[in-house]
Amino acid sequence: MKNISLIYIIVLTLCSCENLLENKNIQAALPHGEHVSGHSLENKHWTYEGETGPEHWAEIERQSDCDGKRQSPINIIDYKTEIDPNLKPLDIHYSNSVKIHEVTNNGHSIQYNFEKGDFIYLKDEKYELHQIHFHEASEHTINGIRYPLEMHMVHINRGGKIAVLAVMAEEGKSSAPFTFLERYLPVRSGETKQIDANFDLSLNLPKNREYYTYEGSLTTPPCTQRVSWYVFKTPITISLHQVKQLKELMPLNNYRDEQALNGRTVKHCIPI
């Protein structure tokens, strides 16, 4: 009986350690706004303008990757991309039974945090959706075009590897899913509101699933590299009112400028 009890304790200990390691990897991967990290120069915090703007992030966040060679966002130019016939359509599993836990204004963007249940598969690895947030105007540009809005869907696997789906939005027909999201706005800077309501994120994806992919970074400090980007070519449409509502709640022009490719290849998937 003593041996059985000892084995039970060992198994519980191993499981606890595994869960702690997974949580540690996930927290280490998340950008600012989701956790506290880094030491700022002279206690200054990064912003999108002036002496604390993107060109100074590497000085302010000294232990970051913001001066790395594989940074995001980039300008995606069709004729410079590589059409890869081996790329498959994205394996996306978003459900209408998954809940948005809360919405927060972290001072840099409007962010919706999701409960577990939505995920994607990349190379047979499962990446759980953690949150979505917005940039106005878009961070990535396609053939030099900067869209009014870009939505980032941040996914993380058990090892802490990050994959982001990026959707551009242009002014046009009102979006019903965006109307649902805006129901919980406004939120002041630093404020969080509980939601706990079901939301089908797939309704915010373009019908045309053509995409570009490349290896880059987070677009905010700590600018963590080894982030896999999947940028949909076709934008969705939202109304001018919807653009303005998000714009009024976020810092003006909360986007990072184009970063150098430095020899990276952007691959292009055109689903059949």
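A pocket, as I use the word this morning, is an open set of grid points where a 1.4 Å probe fits, with protein on both sides within 12 Å along at least five of seven lines. With that in place, and bearing in mind that what we are looking at is a predicted model, let me start with the largest pocket, which has a volume of about 620 Å³.

Its lining is made up of 23 residues, and those nearest the centre of the pocket are L87, L122, K123, Y211 and Y230. If we ask which strands each supply at least two residues of that lining, they are β6 (119–122), β7, β12 (211–217) and β13 (225–232), and among the contributors β12 gives the most, with four residues. Sorted by class, the lining of this pocket comprises ten charged, nine nonpolar and four polar residues.

K123 deserves a moment of its own, since it is among the residues nearest the pocket centre. K123 sits in the loop between β6 and β7, and its phi is near 50°, which is a positive value in a residue other than glycine. K123 has a relative accessibility of 81%, so it counts as exposed. D124 is found in the loop between β6 and β7 as well, with a phi near 65°, again positive and again in a residue other than glycine, and at 79% relative accessibility D124 counts as exposed. While we are in this region, please look at K126, whose charged end sits over the ring of F119, 4.4 Å from the ring centre.

Let me move now to strand β5, where several features come together. How many of the five residues of β5 are buried? The count is five of the five, so the strand is largely enclosed by the rest of the structure. In a regular strand the side chains alternate between the two faces of the sheet. In β5, I110, Y112 and F114 lie on one side and Q111 and N113 on the other, and as these are all buried, both faces of the strand are covered.

As for the partners of this strand, β4 (residues 99–105) pairs with β5 in the antiparallel sense over five bridges, and V103 is the residue that stands opposite Y112. The two strands form a hairpin with four residues between them, and in the turn G107 has a positive phi of about 90°. β5 also runs antiparallel to β7, to which it is joined by three bridges, and here the residue opposite Y112 is I132.

Y112 brings us to the aromatic residues, of which a search of the whole structure finds ten pairs. A pair of this kind is described by the distance of the ring centres and the angle of the planes. Take W46 and W57 to begin with: their ring centres are 5.1 Å apart and their planes stand at 75°, and since an angle over 60 degrees counts as edge-to-face, that is the class of this pair. W46 belongs to the loop between α1 (2–29) and α2 (57–60), whereas W57 is in helix α2, so that the pair, eleven residues apart, links distant parts of the chain. W46 is buried, with a relative accessible area of 0%, and W57 is likewise buried, with a value of 0%.

The pair of Y112 and F134 is also edge-to-face, with 6.3 Å from centre to centre and 85° between the planes. Because Y112 lies in β5 (residues 110–114) and F134 in β7 (residues 125–135), this pair ties together parts that are 22 residues apart in sequence. Both Y112 and F134 are buried. Another residue of β5 that we have met, F114, joins F180, Y184 and F199 in one aromatic cluster.

Finally, some points on the backbone. Where are the cis peptide bonds I would ask you to inspect? One runs from S72 to P73, with omega near 5°, and P73 is found in the loop between α2 and β1 (75–76). Another runs from L185 to P186, also with omega near 5°, and P186 is in the loop between α3 (176–182) and β11.

In strand β11 (residues 192–198) we find K193, which at 26% relative accessibility counts as partly exposed. K193 and H101 are 92 residues apart along the chain, yet their C-alpha atoms are separated by 8.9 Å.

Key. Residues are numbered from 1 along each chain as its sequence is written. This is a predicted model: local features need pLDDT of at least 70, side-chain atom pairs count only at pLDDT 80 or more; totals for chains, interfaces and linings use all residues. Side-chain values use heavy atoms; hydrogens and water are left out. Rings of Phe, Tyr and Trp (its six-membered ring) pair if their centres lie within 6.5 Å; planes under 30 degrees apart count as stacked, over 60 as edge-to-face and the rest as tilted. Buried means under 20% relative accessible area, exposed over 50%, partly exposed in between (1.4 Å probe, protein chains only). A charge sits over a ring if NZ of Lys or CZ of Arg is within 6 Å of the ring centre and within 35 degrees of the ring normal. Two strands pair if DSSP finds at least two bridges between them. On a 1 Å grid over the protein atoms alone, a cavity is a set of points where a 1.4 Å probe fits but cannot get out, and a pocket is an open set with protein on both sides within 12 Å along at least five of seven lines; lining residues have an atom within 4 Å of a point. Grid points are joined across faces, edges and corners, and a volume is the space filled by probe spheres set on the points. Ala, Val, Leu, Ile, Met, Phe, Trp, Tyr, Cys and Pro count as nonpolar, Asp, Glu, Lys and Arg as charged, and the others, Gly among them, as polar.
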